[in-house]
Amino acid sequence: MKWIIIGLLSLFTSLFDYKIGLEMTRIIYGDVVYKMMSSLPFSIIYFTIVFITEILIISLFQKIIKIRKIIDFVMRR
């Protein structure tokens, strides 16, 4: 259940990051690179990279919170 929630949260945030990344590509590199990035093969690869990054970040935050709880428990004794 925990990984389902992490996966859905990652998917939700990936959609926003994907759209922001494409718009930044258009602003910084121009329309030619934007059209290349929005083509299907590049789009799938880019979205996969963003999704995996989001999963890693969210799971890292979860581990940090767990470690913080352990440290707080030890410090109370």
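**Close-ups around helix H3**

**View 1. Lysine 63, out on the surface.** At 57% relative accessibility, lysine 63 counts as exposed, because the cut-off for that label is over 50%. This is a predicted model, so take the close-ups in that spirit. Lysine 63 is part of helix H3.

**View 2. A patch of positive charge.** Pull back a bit from Lys63 and you'll find that Lys2, Lys63, Lys66 and Lys69 gather on the surface as a positively charged patch. Which helix gives the patch its largest share? That would be helix H3, running over residues 40-76, with three residues.

**View 3. Serine 43 and its partner tyrosine 18.** Serine 43 also sits in helix H3. Is serine 43 buried or exposed? It's buried: its relative accessibility is 13%, and anything under 20% gets that label. The side chain of serine 43 makes a polar contact with the side chain of tyrosine 18, at 2.2 Å.

**View 4. Isoleucine 57, somewhere in between.** Here's another residue of helix H3, isoleucine 57. With 36% relative accessibility, isoleucine 57 counts as partly exposed, since that value falls between the 20% and 50% cut-offs.

**View 5. From isoleucine 57 to isoleucine 70.** How far apart in space are isoleucine 57 and isoleucine 70, C-alpha to C-alpha? The answer is 20 Å, with the two residues 13 apart in sequence.

Technical notes
Residues are numbered from 1 along each chain as its sequence is written. This is a predicted model: local features need pLDDT of at least 70, side-chain atom pairs count only at pLDDT 80 or more; totals for chains, interfaces and linings use all residues. Side-chain values use heavy atoms; hydrogens and water are left out. Patches are made of residues with over 30% relative accessible area and no salt bridge: like charges are joined within 9 Å, nonpolar side chains (Val, Leu, Ile, Met, Phe, Trp, Tyr) within 5 Å. Accessible areas come from the Shrake-Rupley method with a 1.4 Å probe; for residues, only the protein chains shown count as cover. A salt bridge is a side-chain nitrogen of Lys or Arg within 4 Å of a carboxyl oxygen of Asp or Glu. Lys and Arg count as positive and Asp and Glu as negative; His and the chain ends are not counted. The place of a charge is taken as NZ of Lys, CZ of Arg, CG of Asp or CD of Glu. Helices (H or I, at least four residues) and strands (E, at least two) are DSSP runs, numbered from the N terminus. Buried means under 20% relative accessible area, exposed over 50%, partly exposed in between (1.4 Å probe, protein chains only). A polar contact is a pair of N or O atoms within 3.5 Å; within protein, one must be able to donate a hydrogen and the other to accept it, and residues adjacent in sequence count only if both atoms are side-chain atoms.
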